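Me: I would like to go through this model and ask, for each label attached to it, what grounds the label rests on. Please set each value against its criterion before drawing a conclusion.

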Amino acid sequence: MAKHGFKVLDSDMHILEPADLWQRYMGAKFKQRAPVGLTDHVRDLRLVGPDGKAWGRPVDPAPGTLPPPGHIFHKNQKLFKPHNERGWSPQVQLDAMAEEGIDVAILYPSRGLNLLSVPDLDPEFAAALARAYNDWLYDFCQADPGKMIGAGMISPFDIDRAVQEAERCVKQLGFRAIFLRANIVNGHNWHEPYYEPLWSALEKLCVPLGFHEANNSLARQSGDNFGYDFMLRHTYAHPVEQMLAVGAFCGGGILARHPKLKVAFLEGNCGWLPFLLWRLDEHWEQYGDQWAPGLQRPPSFYFKRQCYASVECDEEPVKYTIDYLGNERLVFSTDFPHVDTKYPRAVERFLELPIGHEDKRKILWDNCATYYGMMGM
């Protein structure tokens, strides 16, 4: 398949997990503690615990305190009604890929994005939640494992268990990436020694790390400054949390210590990269001898060597990022079936961006394939 002559690898396509996934896939030890979805509705990704309380997000506001749904809500209800009626099955995913013109998709969660955003979860329980999700995702992808490929979930609450699950995802399940939320849930920033065994393991496995943020978290998040205002929360939560993670990896020395580790910052746009990398470099020049003595190169060097960021299909500021970074560190994402996807015209909309033919070709396929280790496909 080729969309207007371009092969397409979606670096960040989402599935919609069934509401009872963790009841079906958790072992007996933790099944009674597992969260459950409130509905199977596309725009209701809420999870609740066995006590009925909100899971992984702030408590819902009082009824009648929020404005009524807007036009984008109603558009999505109509757009995704057939998918909802068909139960978001693997065939629904494959049909959506065919309609959009996607050759291969790396699959990330929807409900699962909030699963491990509860601070200080019991480490064994958290690892079991991640394992259950990965087992379900593996089964889901078996409908066409050449087109649908998983990004494995790991828990940050126990590094030994995280390493074990990453190894299982790669060696047994055939996943091509490991993902984490960008916001901090356990009091350890990414560049602290706590995480070093994980970065070493991912480097040894030759598997990339994808950071994927979400609008809600029970742990602290930048969007919390705006309460329940979805417009403003969503504006800031994704890019700001990714910016913080870029600082830890590029300025905190992780990538200098792990030169073979590849990291992508997904669904947070890319237009902020020129400013942030310039500012990180400026501060390294001023204060690096004191605060980053192990950093031999400017932070931007490590991003350009090891990192990627995703481009939204209508993100016209990408042209400025290409001017600053070149076209080799950007990957394409449809964000199907989330609220801001342009499905089924995401690829067509991307092809309208004011960038060159070679830029589009690299972003739609080559860079994604390089990042996920799939250049031979």
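Reply: A residue counts as buried when its relative accessible area is under 20%, and as exposed when that area is over 50%. The model is a predicted one, and that criterion can be applied to strand β6, where Met148, Gly150 and Gly152 point one way, Ile149, Ala151 and Met153 point the other way, and all are buried.

Me: Why is strand β6 (residues 148-153) called largely enclosed by the rest of the structure?

Reply: Six of the six residues of β6 fall in the buried class, so the strand is largely enclosed by the rest of the structure.

Me: How do you know that β6 pairs with β5 and with β7?

Reply: Two strands pair if at least two bridges are found between them. Strand β5 (residues 104-108) is joined to β6 by three bridges, and these two strands run parallel; one of the partnerships is that of Ala105 with Met148 in β6. On the β7 side (residues 177-180) there are again three bridges in the parallel sense, and here Met153 has Phe179 of β7 as its bridge partner. Three bridges satisfy the requirement of at least two, so β6 is paired with β5 and is likewise paired with β7.

Me: What makes β1 and β11 the edge strands of the sheet?

Reply: The open sheet has eight strands with parallel pairing, in the order β1-β5-β6-β7-β8-β9-β10-β11. Both β1 (9-14) and β11 pair on one side only, and that identifies them as the edges. For β11 the neighbour is β10, to which it is joined by three bridges in a parallel arrangement, with Val311 having Phe332 of β11 as its partner. From one strand to the next, the twist averages 30°.

Me: How do you know that helix α5 (residues 123-141) is roughly parallel to helix α6 (residues 159-171)?

Reply: Angles under 35 degrees count as roughly parallel. The two helices pack at an angle of about 10°, with their axes 10 Å apart, which makes α5 roughly parallel to α6. The contact brings Pro123, Glu124, Ala127, Ala130, Arg131, Asn134 and Asp135 of α5 against Arg161, Glu165, Arg168 and Cys169 of α6; by class, these are four nonpolar, one polar and six charged residues.

Me: What would the crossing of α10 and α12 be called, and which residues make the contact?

Reply: Their axes come within 9 Å and cross at roughly 40°. Under 35 degrees would be roughly parallel and 65 to 115 roughly perpendicular, so a value of roughly 40° is classed as oblique. Leu273, Pro274, Leu277, Trp278 and Asp281 of α10 meet Tyr320, Thr321, Tyr324 and Leu325 of α12, and the contact divides into seven nonpolar residues, one polar and one charged.

Me: Why are the buried residues of helix α12 (residues 318-325) said to lie on the same side?

Reply: The buried residues are Val318, Thr321, Ile322 and Leu325. They cover an arc of only 100° around the axis, which puts them on the same side of α12. On the other side, Tyr320 and Asp323 are exposed. What covers the buried residues includes α10 (273-291), α11 (299-306), β10 (307-311), β11 (330-332) and α14 (357-371). After the helix comes Gly326, whose phi is positive, near 85°.

Conventions:
Residues are numbered from 1 along each chain as its sequence is written. This is a predicted model: local features need pLDDT of at least 70, side-chain atom pairs count only at pLDDT 80 or more; totals for chains, interfaces and linings use all residues. Side-chain values use heavy atoms; hydrogens and water are left out. Buried means under 20% relative accessible area, exposed over 50%, partly exposed in between (1.4 Å probe, protein chains only). Helices (H or I, at least four residues) and strands (E, at least two) are DSSP runs, numbered from the N terminus. The arc is that of the directions from the helix axis to the C-beta atoms. Contact means heavy atoms within 4.5 Å. Axes are lines fitted to C-alpha atoms, for helices over the stretch in contact, and angles run from 0 to 180 degrees between N-to-C directions. Angles under 35 degrees count as roughly parallel, over 145 as roughly antiparallel, 65 to 115 as roughly perpendicular and the rest as oblique. Ala, Val, Leu, Ile, Met, Phe, Trp, Tyr, Cys and Pro count as nonpolar, Asp, Glu, Lys and Arg as charged, and the others, Gly among them, as polar.
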